Amino acid sequence: MQQLDKTEGKLSCHLKFKLKETKETMDFIDLKTQQKLIKNNIDHNIGTVLSHGKYIMGPEVAQLEEQLADYVGVKHCIGVSSGTDALLVAMMALGIGHGDEVITTPFTFIATGEMIALLGAIPVFVDIDPRTYNIDPTKIATAISPRTKAIMPVSLYGQCAEFDAINTIAGQHNIPVIEDGCQSFGASYKDQRSCGLSTIGCTSFFPSKPLGGYGDSGACFTNDDELAKAMREIRVHGQDRRYHHPRIGLNARMDTLQAAILLAKFELFPDEVAARVRIGEQYTKLLNDAQQSTAGETITKIEPPYIESYNASVFAQYTVKVGNRSALQDALKQNNIPTAVHYPVPLHRQPALKLVTNNLSISEKMSEKVMSLPMHPYLVLEDQKMVVDKLLKLY
Ligand SMILES: Cc1ncc(COP(=O)(O)O)c(C=O)c1O
């Protein structure tokens, strides 16, 4: 596994410099600062692709796959065209289809449930843990039926789901587990990296993700040789060799140019993960300290995210729980502080997926309370203090 501190130094020098700057409007996610740091490498890598001209499945794709598999600590990485396609390719490799059931969470981005439904399968929603917002493993067993073909937990906001418990239940029923790690690339659970915690791990390199490209791409990870072969075939029309198609597949390849860009970005990634952890923890400390009365008691109006002691979240989102979200968002906006809601409507309430389901009251309640704050690896302490200060004043 790659060392986390490989590029240490580059980022910390930069952060000292950033502290002296003043800004009028705050970025929810800052992609420009990172680009300035690695522009030469990005230009160089793009130039290489333009020179060799192998725009489809060029050598950069295999190079990136090798580095990412090593980072995650698994045998195989299969680069694909998006996180959405990673989920689709993974389920197709497992043979999931019409009438099958896939257990998942309703408190996620649409793609999780959408890809299950696209295959003609049925998303069976299980409610979440109110502290972590991830699927509650104690509620999975009763949702399993003879038609259950997979469990698909989402590692939401960058914190891994409860994989030991989930894998145990899945093992008892001989069901594969697909991690939707689209928000958690770089996170770890009990010292193992996200995307290497189950049968297949899927992630997204959408620009705003912890490891984001300059366009769409994603990846599937597995230790299983047969599944890896199937996923490699599925991403290119089910082809095992040129114009031979033993299975139905897709056009779900990762672009060579995206791989070349991600290779340049990946050099900074371990340092950025460390910065994300530090910045997330700093937000929580600022919020907790500011909500402590002089008598020492805590008056919590803004509830920081709860991270399990054995988890290292990459804080794809830094998401707090609040009581008066809409008014607070408006007030913050007027103060140039952008916020977002991930997600305002749980999947079982989406018109496209409306289903008669189990009790999903926690997901419903949380969808009314969660609010994400500006978060990225280049966020400076002064800005964090300003966000927390305004948040509590405007509440
Ligand atoms: C939990 C989750 N699953 C799936 C996806 C889909 O990823 P992509 O946008 O790369 O298709 C996302 C992206 O936002 C996500 O957050």
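In this predicted model, the ligand is surrounded by 14 residues, and the closest of them are Gly 83, Thr 84, Asp 180, Ser 204 and Lys 209. The ligand sits in the largest pocket, a pocket that holds about 410 Å³ of space. The points below take up the shell around the ligand, then the pocket, and then two places in the backbone.

**The ligand and its shell**

- Sorted by the character of their side chains, the residues of the shell around the ligand are five nonpolar, seven polar and two charged.
- Two helices, H4 (83–93) and H5 (110–118), each contribute at least two residues to this shell around the ligand.
- Thr 84, which is among the closest residues, places a polar side-chain atom 2.5 Å from an oxygen atom of the ligand.
- Lys 209, also listed among the closest residues, has a polar side-chain atom that lies 2.7 Å from an oxygen atom of the ligand.
- In the side chain of Gln 183, an N or O atom is found 2.9 Å from an oxygen atom of the ligand.
- Taken on its own, the ligand has 390 Å² of accessible area, and the protein covers 92% of that area.

**The largest pocket**

- The lining of the largest pocket is made up of 24 residues, and those that lie nearest its centre are Phe 109, Ser 204, Phe 206, Lys 209 and Tyr 343.
- Ser 204 and Lys 209 therefore appear in both lists, since they are among the residues closest to the ligand and among those nearest the centre of the pocket.- By character, the residues of this lining divide into 11 nonpolar, 10 polar and three charged.
- Helices H4 and H5 each supply at least two residues of the pocket lining, and H4 gives the most, with three residues.

**Two places in the backbone**

- Most residues other than glycine have a negative phi, and most peptide bonds are trans.
- The peptide bond that runs from His 342 to Tyr 343 is cis, with an omega near 10°.
- Tyr 343, one of the residues nearest the centre of the largest pocket, belongs to the loop between helix H10 (325–334) and helix H11 (361–367).
- Lys 190 is not a glycine, and yet its phi is positive, at about 50°.
- This residue, Lys 190, is placed in the loop between strand S6 (188–189) and strand S7 (192–193).

How values were computed: Residues numbered from 1 in each chain as written. Predicted model: local features only at pLDDT ≥ 70, side-chain atom pairs only at ≥ 80, totals over all residues. Heavy atoms only, no water. Near = heavy atom within 4 Å. Polar contact = N/O pair within 3.5 Å; in protein donor to acceptor, adjacent residues only side chain to side chain. Areas by Shrake-Rupley, 256 points an atom, 1.4 Å probe, with all protein chains shown as cover. 1 Å grid on protein atoms, 1.4 Å probe; cavity = no way out; pocket = protein on both sides within 12 Å on 5 of 7 lines; lining within 4 Å. Sits in = over half its atoms within 2 Å of the grid points. Helix = DSSP H or I, 4+ residues; strand = E, 2+ residues; numbered from the N terminus. Nonpolar A, V, L, I, M, F, W, Y, C, P; charged D, E, K, R; others polar. Points joined across faces, edges and corners; volume = space filled by probe spheres on them.
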